[in-house]
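Visitor: I am in my first year and still learning to read protein models. Could you take me through one part of this one slowly, and connect that part to what surrounds it?

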Amino acid sequence: MRAALEQLQPDCLLVEGPPDADALIPALAKEGMEPPVALLLYVPDQPRRAVYYPFALFSPEWQALHFALAHGIPARFMDLPQAYQLGAQGQGRGDGEKPPQSEGSDESDASPNPQPPSPIPYSDPLGWLAAAAGYSDGERWWEQMVEHRRDGA
């Protein structure tokens, strides 16, 4: 990662992570801040509804953010803000819930050629792509289609 950034000399960096935590990026350069560390985002009145983003020394995100900080390059997280994800949990959006059954339908009425469920708005889009491509989950699909698609450079 570092070698690629040195060669590319970007004028800004976008790193996978929660834009809700952009203001915390400068804290990564503080003395004594060493991985393993993690960002923790949670709903204040429901702390069980939380997500964390771990960083290890070898994490590409950690390396990219440190490169940006060391070179005075603007860096931002880019992903769907967790404020939306955490706010949607338990409300039939973003929680992996199955599509609602139509009135009068019953699981035992399964047809011999069942149709795949329609995607739920706000559900995991990578999960739907993975299912369509025959992968067991979105992480495995992403790994194969994005992460391992080209050589290391």
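Guide: What follows is a close look at one helix, α2, and then at the strands and loops of the same protein.

This is a predicted model, and every value below was computed from it. The protein has five helices and four strands, and along the sequence they come in the pattern α-β-β-β-α-β-α-α-α. Of its 153 residues, 23% are buried. Among the contacts with a separation of 6 or more, 57% are between residues 24 or more positions apart in the sequence. The accessible surface comes to about 11400 Å², and carbon and sulfur atoms account for 55% of that.

Let us begin with the helix itself. Helix α2 covers residues 60-71, and because each residue should add 1.5 Å, its 12 residues are expected to span 16 Å; the C-alpha atoms at its ends are 16 Å apart, which agrees with that expectation. After the helix comes G72, a residue with a positive phi, near 65°.

Which residues of α2 are buried? They are W62, Q63, A64, L65, H66, F67 and A68. It helps to recall a general point here: an α-helix has 3.6 residues a turn, so residues three or four places apart point the same way. As for what lies against them, the buried residues of α2 pack against helix α1 (2-8) and against the strands β1 (13-16), β2 (37-43), β3 (46-55) and β4 (75-78).

One residue of this helix, W62, also takes part in an aromatic pair. A search of the whole structure finds one such pair, and it is formed by F55 and W62, whose ring centres are 6.2 Å apart and whose planes make an angle of 50°, so that the pair counts as tilted, planes under 30 degrees apart being stacked and those over 60 edge-to-face. Both F55 and W62 are buried.

F55 leads us from the helix to the strands, since F55 in β3 stands opposite V37. The strands β2 and β3 pair in the antiparallel sense over seven bridges, and they form a hairpin with two residues between them. Strand β1, by contrast, pairs with β4 in the parallel sense, over four bridges, and the bridge partner of L13 in β4 is A75. If you follow β1 residue by residue, you will see the side chains alternate: L13 and V15 point to one face and are buried, while L14 and E16 point to the other face and are not buried.

The loops beside these strands hold some details that reward a careful look. As a general background, most residues other than glycine have a negative phi, and most peptide bonds are trans. In the loop between α1 and β1 you will find Q9, which has a positive phi, near 50°, although Q9 is not a glycine. Q9 is partly exposed, because its relative accessible area is 47%. In the loop between β1 and β2 lies P36, and the peptide bond from P35 to P36 is cis, with omega near 10°.

The loop between β1 and β2 also holds D22, which counts as partly exposed because its relative accessible area is 23%. Leaving aside neighbours within four places in sequence, D22 is in contact with R76 and F77. D22 and R76 are 54 residues apart in sequence, yet their C-alpha atoms are 5.8 Å apart in space.

Further along the chain, Q82 belongs to helix α3, residues 82-88. Q82 is buried, because its relative accessible area is 10%, and, not counting residues up to four places away in sequence, Q82 touches P18, D20, L41, V51, Y53 and G87.

Let us end with a pair of charged residues. In general, side chains of opposite charge can pair when their charged atoms come close. Here the count comes to one salt bridge, formed by D137 and R140, with the closest N and O atoms 3.4 Å apart. D137 counts as partly exposed because its relative accessibility is 28%, while R140 is exposed, with a relative accessible area of 52%.

Note on methods: Residues numbered from 1 in each chain as written. Predicted model: local features only at pLDDT ≥ 70, side-chain atom pairs only at ≥ 80, totals over all residues. Heavy atoms only, no water. Expected span 1.5 Å × (residues − 1). Buried < 20%, exposed > 50% of the residue type's maximum accessible area, 1.4 Å probe, protein only. Contact = heavy atoms within 4.5 Å. Pairing = 2+ DSSP bridges. Phe/Tyr/Trp six-rings, centres within 6.5 Å; stacked < 30°, edge-to-face > 60°. Areas by Shrake-Rupley, 256 points an atom, 1.4 Å probe, with all protein chains shown as cover. Salt bridge = Lys/Arg side-chain N within 4 Å of Asp/Glu carboxyl O.
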